[in-house]
Protein chains: 2
Amino acid sequence: VDHSARAIAVFDSGVGGLTVLAALCAELPHEQFVYLGDTARLPYGTKSDESVVRYALQAAAALVEREVKALVVACNTASAAALPALRQRYPQLPVIGVVEPGADAAVAASRSGCIAVIGTEATVRGGAYQRAIGQRRPDARVNAVACQLFVALAEEGWTSGAVARSTAQRYLAPLFSPDAPSAMAADTLVLGCTHFPTLQAVIREVVGEHVTIVDSAITTARAARALLAARELLRPKEAAGAAGHASPLSFLATDGAARFASIGTRFLGRRISADEVELIDL
Amino acid sequence: VDHSARAIAVFDSGVGGLTVLAALCAELPHEQFVYLGDTARLPYGTKSDESVVRYALQAAAALVEREVKALVVACNTASAAALPALRQRYPQLPVIGVVEPGADAAVAASRSGCIAVIGTEATVRGGAYQRAIGQRRPDARVNAVACQLFVALAEEGWTSGAVARSTAQRYLAPLFSPDAPSAMAADTLVLGCTHFPTLQAVIREVVGEHVTIVDSAITTARAARALLAARELLRPKEAAGAAGHASPLSFLATDGAARFASIGTRFLGRRISADEVELIDL
């Protein structure tokens, strides 16, 4: 059976994963996507691993019911906690997380082997980036720091100005201090949370021009394309045309369609109206 | 049947309500308390009213099963959304929210009738403070502003310093501008979220000395005492002694005992160990 005409599922705890969806749309312009934000239970970043695994399995079940051809776990916390459980439950389904592509890109970018990772509390505590980078480069030194306030800033839309700048300063200056011995100074920074690309400009101001910033949304989109190609699941260009006027994007959320639409618009970079958002129960 | 020896239930979406529990302990030193933080589903402040009502009813059911004599809804969002539903479901149980006591105190404090309320998105959007103040003083002018970032600052423990100051400045300066006509300048500020008392010092810096800050934790504790006294449910002093070595506080949470303990310690003002926190499902 040829599943290439099916949609790609993208799952996140809320709206942050829309930065990953935007990168996927750019990388795979002929595909259809169904995005599920578990807004009723966000944020995952402060929840226990057991809860996150349970939520991710419930979300995947709802998406698999809609006959998707692949699942992108756009949420760093869920990628870190739930990828093995998802792959075990759905052995036939290509499942792509954001941690492995981010680790690949970080290891490729770093010369010194000293890599900083910023994410939510749960992502940092779970250590998935630390392990993934260590597997790829055993002598790497990884400094992972939880930056919870960046999440709130991104959702509030305060991505520039005094508050964003002083927050970035407080979290990041210790990691990139010019006083640190050069062997200890990170030359690569992984944005290990889907919310953080919206703050990239103030983050860049603090870390300086010489640091490579890895946006795992972009690297994940490339990994998704590679995996779909390997499994012969890329949608032929002609099929995209044949789909006619069907929208390439559909949105599911577990709570608050209006908030999803208003904040999501900022993360996706294109307008979402509340009517487009279907509420579902998990 | 005399229920006065029973414990008082305190319910919140997470750890913020521990500021209310601290005020209750100070006001009612002979009572026992069981505190439930719905940490698996926090924050309520960005959820829809329907979800918040459903969560509050589930939490109340778990607490009523433990044979409590009263329920304090420490969460502003849940007080605003769910109080009527709770009182309807449990008509015999005294249910105390934080909104009504806060509105009482604000109306008592304000000379100009111009009152500012800060809270979560859901509290502000729901308009419960605006209605409660309007009922008590129909000519009051209420200016309500959602300050989501204060929640994240309180949980991160960044309650002083540059980030807290610039955040307070950005949210509050427009409400208390010295350029505003004096009749329009708020003379009273209601802290309509349990997290906000931890930020009181920086809030005071921005609003100035002449503004009365209403901490609804304290006013709620007084309202709870009054209601228990009216229903003859205050625990006699002797009973407190007779309970012997039983701890006057027990803690329930729906997720993350370790995080509850570490952040909760800051909100309660006394150490909570993770062993003290019992995990329950709702």
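1. Copies of a chain are superposed by least squares on the C-alpha atoms of residues with pLDDT of at least 70 in both. The model discussed in this note is predicted. Under that superposition, chain A can be laid on chain B with an RMSD of 0.0 Å. The operation is a turn of 180 degrees with a shift of 0.0 Å along the axis. This is therefore the relation of a two-fold axis.

2. The contact between the copies follows the same pattern. Both copies use the same surface, since 100% of the contact residues of chain A recur in chain B.

3. Within chain A, attention may turn to strand β1, which spans residues 8-12. Five of its five residues are buried, so β1(A) is largely enclosed by the rest of the structure. Buried here means under 20% relative accessible area. The side on which a residue lies does not alter this: A:I8, A:V10 and A:D12 point one way from β1(A), A:A9 and A:F11 point the other way, and all are buried.

4. One partner of β1(A) is strand β2 of chain A, residues 33-37. The two strands run parallel and are joined by five bridges. For A:I8, the bridge partner in β2(A) is A:F33. Between these strands the chain passes through helix α1 of chain A, residues 18-27, and the resulting β-α-β crossover is right-handed.

5. Strand β3 of chain A, residues 70-73, also pairs with β1(A) in the parallel sense, over four bridges. Here A:V10 has A:V72 of β3(A) as its bridge partner. A:V10 is also one of the buried residues of β1(A).

Methods:
Residues numbered from 1 in each chain as written. Chains lettered and ligands numbered in written order. Predicted model: local features only at pLDDT ≥ 70, side-chain atom pairs only at ≥ 80, totals over all residues. Heavy atoms only, no water. Buried < 20%, exposed > 50% of the residue type's maximum accessible area, 1.4 Å probe, protein only. Pairing = 2+ DSSP bridges. Right-handed = clockwise from strand over helix to strand, strands pointing away. Contact = heavy atoms within 4.5 Å.
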